[in-house]
Amino acid sequence: MDTVNAALAVLHIATGVFFTTTGTRKCFMPDVRAKVCGLFDRYGVPKPAQYAVLVGELLGGLGLLFGCLAHAAAVRLLVILAG
């Protein structure tokens, strides 16, 4: 059973690092943000939803990484991924 818990912890941390890294790039690097927002514009996503996705990805990754409200963060990230 310890192996399963260790594997889940690694998955939890890896997913948190991934979303934190990509969210940070999209929020704080203007060229990356412009490309992502350009893609969203082509799909007709409204500006408030675009910024909600960018910030949600960063905060969701941090929530998974640090374990604060991890279940809520995971559900919100699933919504972002489903979009």
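The secondary structure of this protein chain comes to 4 helices and 0 strands, where helices (H or I, at least four residues) and strands (E, at least two) are DSSP runs numbered from the N terminus, and read along the sequence the pattern is α-α-α-α. I should say at once that this is a predicted model, in which local features need pLDDT of at least 70 and side-chain atom pairs count only at pLDDT 80 or more, while totals for chains, interfaces and linings use all residues. Residues are numbered from 1 along each chain as its sequence is written, and side-chain values use heavy atoms, with hydrogens and water left out.

Let me turn to the overall dimensions. Taken along the principal axes, the C-alpha atoms fill a box of roughly 45 × 20 × 20 Å, and of the 83 residues 25% count as buried, buried meaning under 20% relative accessible area, exposed over 50%, and partly exposed in between, with a 1.4 Å probe and protein chains only. The chain exposes about 5700 Å², of which carbon and sulfur atoms supply 74%; these areas come from the Shrake-Rupley method with a 1.4 Å probe, and for residues only the protein chains shown count as cover. Among the contacts in the chain with a separation of 6 or more, 52% are accounted for by residues 24 or more positions apart, a contact being heavy atoms within 4.5 Å.

How, then, are helix 1 and helix 2 packed, and at what angle? Helix 2 covers residues 30–42, and the two helices pack at an angle of about 95° with their axes 5 Å apart, the axes being lines fitted to C-alpha atoms, for helices over the stretch in contact, with angles running from 0 to 180 degrees between N-to-C directions. Helix 1 and helix 2 are therefore roughly perpendicular to each other, a label that applies from 65 to 115 degrees, whereas angles under 35 count as roughly parallel, over 145 as roughly antiparallel, and the rest as oblique. On the helix 1 side the contact is made by Arg-25, Lys-26, Cys-27 and Phe-28, and on the helix 2 side by Pro-30, Val-32, Arg-33 and Val-36.

Lys-26 comes up again with the salt bridges. A search of the whole structure finds 2 of them, each defined as a side-chain nitrogen of Lys or Arg within 4 Å of a carboxyl oxygen of Asp or Glu. In one, Glu-57 pairs with Lys-26, their closest N and O atoms being 3.0 Å apart, and this pair links distant parts of the chain, since Glu-57 lies in helix 3 (residues 47–66) and Lys-26 in helix 1, 31 residues apart. Glu-57 counts as buried because its relative accessibility is 6%, whereas Lys-26, at 21%, counts as partly exposed. The other salt bridge joins Asp-41 to Lys-47, with closest N and O atoms 3.5 Å apart; Asp-41 is partly exposed at 41%, and so is Lys-47 at 39%.

Finally, two places at the surface. Arg-76, in helix 4 (residues 70–82), is exposed, with a relative accessible area of 57%, and its C-alpha lies 8.5 Å from that of Glu-57, although the two are 19 residues apart in sequence. Leu-8, in helix 1 (residues 2–28), counts as exposed at 51% relative accessibility.
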